[in-house]
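Hi everyone, thanks for making room for me today. I've got one model to walk you through, so let me put it up and then we'll go round it piece by piece.

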Amino acid sequence: MRILSGIQPSGIPHIGNYFGMMQPAIRMQDEGNEAFLFIADYHALTTSPDPKELRERVLNVAIDFLACGLDPEKTVFYRQSDLPQVCELTWILNCITTVGLLERAHSYKDKIAKGFIPNNGLFSYPVLMAADILLYKANLVPVGKDQKQHLEITRDIAIRFNNIYGNIFVVPEEKIQESVAVIPGTDGQKMSKSYNNTIPIFGQEKAIRKTVMNVVTDCKGLEEPKDPSNCNVVALYRLFATEAQVSEMEAKYRAGNYGYGHAKQALFEILWERFAPFRKRREELAKDPGYVEQILKSGREKAVVIADKTLKEVRQAVGL
Ligand code: ADP
Ligand code: TRP
């Protein structure tokens, strides 16, 4: 199987990214799939980031992903904009994509509602994403649930292209793990870099502890029994804990005399411990940005062979 996924360098990777996409992708890499992972910096341009900040974020996201277990020996790891072939494919796909299909995209409407400028890049974001996937003929795309519709659009575009021009593209499937499909943020909404509600994977101990302590709960007092099925802290704890540890916390909730502060402390500790080995690796990688840059460069060298081959077939098929 060929798997492929991307992450935008639009902020600091958080535990929603980790459980929703990074960990599943790394597992699939380790199970012997042919893996392509990339940093979607063209996509990040749709929300007009500061240029210097964008460049720094690309490097930091690369370091985070490697620290979490992306193995560049097994995975082709690259920066999207190092392969501008994807833009040519985007244009060609744009010409068979109806405006109606894109008008149905939730993510566009959500971003506009949040005050982002309705530029054409934001509108045609799903076409660039389709090009990312189709260029490499990926079979499976590990993502969180918020990307489901983008995969449906990708399939629509692939099928339409194949119908018009012949069977060139693989029609891909998304791979969404139900248990981690939507990780809640500190405010209970979906955790997202653009909602200011994230718990980062990496950071200073004090800052992460503070973030965890700010997870929103109801305002029941210490002694009162609490409902674990309806609590963000328990939902987040579940990501890190064993079944037995979760049951223990649930029992304490129901019994009373166990405050949200206690639960948050337990959450912080288990989270901090879980990422300890990654933090160590991250420290090493951060000392050597040249090495990280080298990995992305060598990823590009491998990716370009496939990108050029697909693009040649596409150009031939459409009459260019
Ligand atoms: P963000 O919404 O924070 O900007 P991205 O759009 O860069 O994150 O997402 C990168 C990957 O992480 C995608 O596959 C996305 O589905 C996944 N992801 C992001 N947030 C969550 C979440 N809260 N729960 C599960 N998966 C998530
Ligand atoms: N749109 C994805 C997100 O915001 C990032 C992305 C861009 C992507 N291209 C992709 C994910 C291709 C999977 C495959 O999370």
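**Two ligands and what surrounds them**

Let me start with ligand 2, where strand E1, residues 2–7, and helix H8, residues 125–135, each supply at least two residues of the shell. Before I go on, keep in mind that this is a predicted model.

So which element gives the largest share of the shell around ligand 2? That's H8, with four residues. There are 14 residues around this ligand, and the ones that come nearest are Gln 8, Tyr 125, Met 129, Asp 132 and Gln 147. By type, the shell splits into eight nonpolar residues, five polar and one charged.

Now the polar contacts, since I know you'll ask. The side chain of Tyr 125 puts an N or O atom 2.6 Å from a nitrogen of ligand 2. Asp 132 has a polar side-chain atom 2.7 Å from a nitrogen of the ligand. With Gln 8, the partner is an oxygen of ligand 2, and the distance to a polar side-chain atom is 3.2 Å. As for cover, ligand 2 has 360 Å² of accessible area on its own, and the protein covers 90% of that.

Okay, over to ligand 1. Here we have 20 residues around the ligand, and His 14, Gly 144, Asp 146, Ile 183 and Lys 193 come nearest. Helix H1, residues 15–30, gives the largest share of this shell, with four residues. The breakdown by type is eight nonpolar, nine polar and three charged.

What does ligand 1 meet at Gly 16, backbone or side chain? It's the backbone: a polar atom there sits 3.3 Å from a nitrogen of the ligand. The other two contacts I picked out go to side chains. For Asn 17, an N or O atom of the side chain is 3.1 Å from an oxygen of ligand 1. For Lys 190, the side-chain N or O atom is 3.1 Å from a nitrogen of the ligand. On its own, ligand 1 has 540 Å² of accessible area, and the protein covers 95% of it.

One more word on His 14, which is among the residues that come nearest to ligand 1. You'll find His 14 in the loop between E1 and H1. Its relative accessibility is 3%, so it counts as buried. If you measure C-alpha to C-alpha, His 14 and Asn 197 are 9.6 Å apart in space, even though 183 residues separate them in sequence.

**The strands**

Let's move to the strands. E1 pairs with E2 in the parallel sense, over six bridges, and in that pairing Leu 4 stands opposite Phe 36. E2 itself, residues 34–39, is joined on to E3 by five bridges, and those two run parallel as well. There, Leu 37 is the residue opposite Phe 77.

How many of the residues in E2 are buried? Five of its six, so to speak mostly covered. For E3, residues 75–79, five of the five are buried, so the strand is largely enclosed by the rest of the structure. Thr 75, Phe 77 and Arg 79 point one way from E3, Val 76 and Tyr 78 point the other way, and all of them are buried.

**A helix and some positive phi values**

Next up is H9, residues 148–165. This helix has 18 residues and reaches 26 Å from its first C-alpha to its last, close to the 26 Å expected at 1.5 Å a residue. Its buried residues include Leu 151, Ile 153, Ile 157, Ala 158 and Phe 161, and also Arg 155. Right after H9 comes Gly 166, with a positive phi near 105°.

That brings me to backbone angles. Most residues other than glycine have a negative phi. Two residues here go the other way. Ser 48 isn't a glycine, yet its phi is positive, about 50°. It sits in the loop between helix H2, residues 41–44, and helix H3, residues 51–67. Ser 48 has 55% relative accessibility, so it counts as exposed.

Asn 196 is the other one I wanted to show, with a positive phi near 60°. Its loop runs between strand E5, residues 173–175, and helix H10, residues 205–213. Buried or exposed? Asn 196 is exposed, at a relative accessible area of 76%.

That's what I had, so over to you.

Technical notes:
Residues numbered from 1 in each chain as written. Chains lettered and ligands numbered in written order. Predicted model: local features only at pLDDT ≥ 70, side-chain atom pairs only at ≥ 80, totals over all residues. Heavy atoms only, no water. Expected span 1.5 Å × (residues − 1). Buried < 20%, exposed > 50% of the residue type's maximum accessible area, 1.4 Å probe, protein only. Near = heavy atom within 4 Å. Polar contact = N/O pair within 3.5 Å; in protein donor to acceptor, adjacent residues only side chain to side chain. Areas by Shrake-Rupley, 256 points an atom, 1.4 Å probe, with all protein chains shown as cover. Nonpolar A, V, L, I, M, F, W, Y, C, P; charged D, E, K, R; others polar. Pairing = 2+ DSSP bridges.
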